[in-house]
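User: Could you take a close look at one part of this model for me, the strand pairing, and then work outward from there? Keep it relaxed, but give me the cut-offs as you go.

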Amino acid sequence: MKATTIHDFSKDPSIFKYEDVPDPEIKPDHVIVKVAACGINRYDLYHRMGGIRRDITFPHVMGADITGSIAARASDVTTLSEGQPVIVAPGFPTDPADWDYTPINHAPTYTVTGTILWGGYAEYVQIPARFVIPDNTGIAPEKLATLPLCLMTAMHAVKTLGQVHPGTHMLMQAGASGSGILCIQVAKALGAKVITTVGSEEKIETVKSAGADEVILRTQEDQVGRVMKFTDGRGADVVVDNVGSAVFESNMKSLKKGGIFVNFGLVSGYKVDFDLRNFFFSHHTLKGSMMGTMEELHEGLELVRQGKIKPYLDKTFPISDAAAAHEYIESRKVQGSVVLLPG
Ligand SMILES: NC(=O)c1ccc[n+]([C@@H]2O[C@H](COP(=O)([O-])OP(=O)(O)OC[C@H]3O[C@@H](n4cnc5c(N)ncnc54)[C@H](OP(=O)(O)O)[C@@H]3O)[C@@H](O)[C@H]2O)c1
């Protein structure tokens, strides 16, 4: 089959090579998925640079957000049929001994799909059948491929950890990012009021269309002042952050007494100066969020089926041009997500 591989880690996206690689072989408990589309996450950029796991073997095929159809199944797989449209779980344990671990995203060998085992920058991918979901969303595969990883993350960060409910005032960082746009939609589906940040004016309409009640232009406005005005001086009940160090201090100042801070990302950096006095005097709770469970993904997909959450596809690229797609994400112009198409 054709696939886009890396033979080494590199900061330079031109490291990708489009080439012939062996077809995946069918083995017990597994299916082969014919890839229709594969979404790209910022995670892929970190992985390409060697910032995630350095213990992988080369060549490697990355890619977590896979939609497609069942091309073949092992004889012991009875739950899926050939030709059936499917969504691949964006993460699962690499060791079958961990497949029943609860919660699954805490399993010792849980990794994002395409981190160690081969992922979706290819024509076909081999996946354990239990981590493949029949697709009955009615959404085109290239749009659907914007969802799995960020939808699961949003359900976990906003609903489970952030405890967002009707009336919650939530601050979402980088609202037009692939993850931000889904966190906004999950929060709105749960009945929250959402204020979000963007880095440029072109992104304002996009985050409003996703449901944001108010938008802060990060480069020009005072975040803390805007959040205080939005919450009548109380501060946000919940801050959900994917930006990291550059906004850590303003995030903490934007939180109300007893507020919850959920972090799942670090686009601006991962080291912060942490003021313990403000933390305990203000009864703050800090939570780290990494991916989510299959149940959270199913629940998120149900919101998609109900029309409460929609995909934001910015642009597609051929899988052979993964380098251009990665460069486009690095440009910071993306609104929503970028998706690769085979062929
Ligand atoms: N833990 C998890 O489970 C999980 C899941 C999903 C994502 N993540 C993480 O969340 C972060 C965002 O991921 P994503 O896929 O949503 O990213 P993305 O779609 O590439 O968007 C990132 C956005 O961050 C904003 N940004 C703010 N400061 C930045 C800076 N210094 N450099 C670059 N961008 C900056 C930019 O938007 P503006 O120009 O509008 O500011 C940029 O478009 C990443 O760190 C990713 O690894 C973690």
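Analyst: **Strand pairing and what surrounds it**

Let's start with one bridge: alanine 236 has leucine 255 as its bridge partner in E14. Keep in mind that this is a predicted model, where local features need pLDDT of at least 70 and side-chain atom pairs count only at pLDDT 80 or more, while totals for chains, interfaces and linings use all residues. Residue numbers start from 1 along each chain as its sequence is written.

That bridge belongs to the pairing of E13 with E14, which is parallel and has five bridges. Two strands pair if DSSP finds at least two bridges between them. Strands (E, at least two residues) and helices (H or I, at least four) are DSSP runs, numbered from the N terminus. E13 also pairs with strand E10 (residues 169–172), again in the parallel sense, over three bridges. There, methionine 170 has valine 238 of E13 as its bridge partner. As for burial, six of the six residues of E13 (residues 236–241) are buried, so the rest of the structure largely encloses this strand. Buried here means 20 or more other C-beta atoms within 10 Å of the residue's own, exposed means 12 or fewer, and partly exposed is in between, with C-beta atoms placed from the backbone.

Methionine 170 leads straight to the core. The largest nonpolar core has 98 residues, and Val33, Met170, Cys183, Val186 and Ala187 touch the most other members. The biggest giver to this core is H3, with nine residues. Both domain 1 (2–147 + 311–341) and domain 2 (150–288) contribute residues, so the core lies between them. A nonpolar core here is a set of buried Ala, Val, Leu, Ile, Met, Phe, Trp, Tyr and Cys residues joined through C-beta atoms within 7 Å, and the domain bounds come from an automatic or database domain assignment. As a general matter, nonpolar side chains in soluble globular proteins tend to be buried together.

Cys183, Val186 and Ala187 are among the buried residues of H4. In fact 12 of the 12 residues of H4 are buried. Its geometry checks out too: at 1.5 Å a residue, the 12 residues should span 16 Å, and the end C-alpha atoms are 17 Å apart, which agrees. (The expected span is 1.5 Å times one less than the number of residues.) After H4 comes glycine 191, with a positive phi near 90 degrees.

H4 also takes us to the ligand. The ligand is surrounded by 31 residues, the closest being Arg42, Ser177, Ser179, Gly199 and Gly265. Helix H1 (42–49), helix H3 (148–161) and helix H4 (178–189) are the elements that give two or more residues to this shell. A residue counts as near a molecule or strand if its C-beta atom, placed from the backbone, lies within 6 Å of it. The shell divides into 15 nonpolar, 12 polar and four charged residues. Since domain 1 (2–147 + 311–341) and domain 2 (150–288) both give residues to the shell, the ligand lies between them.

Back to strands, now antiparallel ones. Strand E3 (residues 30–40) is joined to strand E4 (residues 65–73) by eight bridges, and the two run antiparallel. Valine 35 has glycine 68 as its bridge partner in E4. Glycine 68 in turn has valine 86 as its partner in E5, within the antiparallel, three-bridge pairing of E4 with strand E5 (residues 85–88). The loop between H1 and E4 holds proline 59, which is joined to phenylalanine 58 by a cis peptide bond with omega about 0 degrees.

One last stop, following E14 (255–263) onward: the loop between it and helix H8 (276–281) holds valine 272. Valine 272 is partly exposed, with 16 other C-beta atoms within 10 Å. Further along, methionine 291 lies in the loop between strand E15 (285–288) and helix H9 (294–305). Methionine 291 has a positive phi near 55 degrees despite not being glycine, and it is buried, with 26 other C-beta atoms within 10 Å.

Key: Ala, Val, Leu, Ile, Met, Phe, Trp, Tyr, Cys and Pro count as nonpolar, Asp, Glu, Lys and Arg as charged, and the others, Gly among them, as polar.
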